[in-house]
Amino acid sequence: MRCPFCGHDDTQVKDSRPTEDNSAIRRRRFCPACSSRFTTFERVQLRDLIITKKNGQRVPFDRDKLVRSISIACRKRKVDEERIERVVNSIQRRLESSGENDIPSTMIGEMVMEALQALDPVAYVRYASVYKNFREARDFEEFIESLGGIETRA
């Protein structure tokens, strides 16, 4: 494994252990060249997934992009990284076990919306505002009212 700090090719594994949900192996690594420490994760990849975007563009599935988008929605909320990791693992497993290699981006968006609704209501609304492309305050009001008849002030 190449050191992300100095680029040295020969790093050493100091500690290995499974993640909490046993979906990956977490490895603590040490670089003898620059003495830096870093963590890597080893995961099983069942198949190569291709995401088809709304504009027709096809791109490889990017797990890190999914983690980032959920993390942004959960920023400054009391949602720890382990819970986000479990959500991402669950979504990835569902996609890989669907039997399809070509996945529409809308399917991923809906899975994230479903997961965030159960995880944190504010993160759910934040993600929805981007996913559903809210353009003005009234869009937020209508969305929040559709969640359960919550009254909003105009």
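In this predicted model, Ser35 is found in the loop between strand 2 and strand 3. Although Ser35 is not a glycine, its phi is positive, at about 65°. Most residues other than glycine have a negative phi. The turn that holds Ser35 belongs to a hairpin formed by strand 2 and strand 3, with six residues between the two strands.

The pairing behind this hairpin is antiparallel, and seven bridges join strand 2 to strand 3, the latter covering residues 37-43. Within this pairing, Arg29 stands opposite Phe38 in strand 3. Strand 2 (residues 24-30) also pairs with strand 1 (residues 12-18), again in the antiparallel sense, and here the pairing extends over six bridges. One of the partnerships between these strands links Gln12 to Phe30, the latter being the bridge partner in strand 2. Strand 1 and strand 2 likewise form a hairpin, with five residues between the strands, and in this hairpin Asn22 takes a positive phi near 55°.

Taken together, strands 1, 2 and 3 form an open sheet of three strands in the order 1-2-3, with antiparallel pairing. Strand 1 and strand 3 are the edge strands of this sheet, as each pairs on one side only. From one strand to the next, the twist of the sheet averages 25°.

A further open sheet of three strands has the order 5-4-6, and its pairing is mixed. In this sheet the edges are taken by strand 5 (58-60) and strand 6 (102-104), each of which has a single partner strand, so that one side of each is left without a neighbour in the sheet. The twist here averages 35° from one strand to the next. Strand 4 (residues 50-52) and strand 6 run parallel and are joined by three bridges; in one of these strands, strand 6, Pro104 is the bridge partner of Thr52. Helix 3, which comprises residues 105-119, lies across strand 4 and strand 6, and runs at about 60° to strand 6.

Helix 3 also contains Val112, a residue that is buried, with a relative accessible area of 1%. This assignment follows because a residue counts as buried when its relative accessible area is under 20%. Leaving aside residues up to four places away in sequence, Val112 touches Leu66, Ile70, Ile91 and Tyr127. Two separations, taken from C-alpha to C-alpha, help to place Val112 relative to other parts of the chain. Arg93 and Val112 are 19 residues apart in sequence and 13 Å apart in space, whereas Val112 and Glu142 are 30 residues apart in sequence and 20 Å apart in space. Arg93 has its place in helix 2, which spans residues 81-96, and, at 44% relative accessibility, Arg93 counts as partly exposed.

Rolling a probe the size of a water molecule over the atoms shows where empty space is left. The largest pocket identified in the model has a volume of about 640 Å³. Its lining consists of 20 residues, of which Lys65, Ser69, Ser105, Ile108 and Tyr127 lie nearest the centre of the pocket. Several elements contribute to this lining, and strand 5, helix 1 (63-73), helix 3 and helix 4 (121-131) each supply at least two residues. The largest share comes from helix 1, which provides five residues of the lining of the largest pocket. By residue type, the lining divides into 11 nonpolar, four polar and five charged residues. Tyr127, one of the residues nearest the centre of the largest pocket, is also among the residues touched by the buried Val112.

Beyond the pocket, Asn133 is found in the loop between helix 4 and helix 5, the latter spanning residues 137-148. Asn133 has a positive phi of about 60° although Asn133 is not a glycine, and, with a relative accessibility of 43%, Asn133 counts as partly exposed. Positive phi values therefore occur in the hairpin of strand 1 and strand 2 at Asn22, in the loop between strand 2 and strand 3 at Ser35, and in the loop between helix 4 and helix 5 at Asn133.

Conventions
Residues are numbered from 1 along each chain as its sequence is written. This is a predicted model: local features need pLDDT of at least 70, side-chain atom pairs count only at pLDDT 80 or more; totals for chains, interfaces and linings use all residues. Side-chain values use heavy atoms; hydrogens and water are left out. Two strands pair if DSSP finds at least two bridges between them. Helices (H or I, at least four residues) and strands (E, at least two) are DSSP runs, numbered from the N terminus. Axes are lines fitted to C-alpha atoms, for helices over the stretch in contact, and angles run from 0 to 180 degrees between N-to-C directions. Contact means heavy atoms within 4.5 Å. On a 1 Å grid over the protein atoms alone, a cavity is a set of points where a 1.4 Å probe fits but cannot get out, and a pocket is an open set with protein on both sides within 12 Å along at least five of seven lines; lining residues have an atom within 4 Å of a point. Grid points are joined across faces, edges and corners, and a volume is the space filled by probe spheres set on the points. Ala, Val, Leu, Ile, Met, Phe, Trp, Tyr, Cys and Pro count as nonpolar, Asp, Glu, Lys and Arg as charged, and the others, Gly among them, as polar. Buried means under 20% relative accessible area, exposed over 50%, partly exposed in between (1.4 Å probe, protein chains only).
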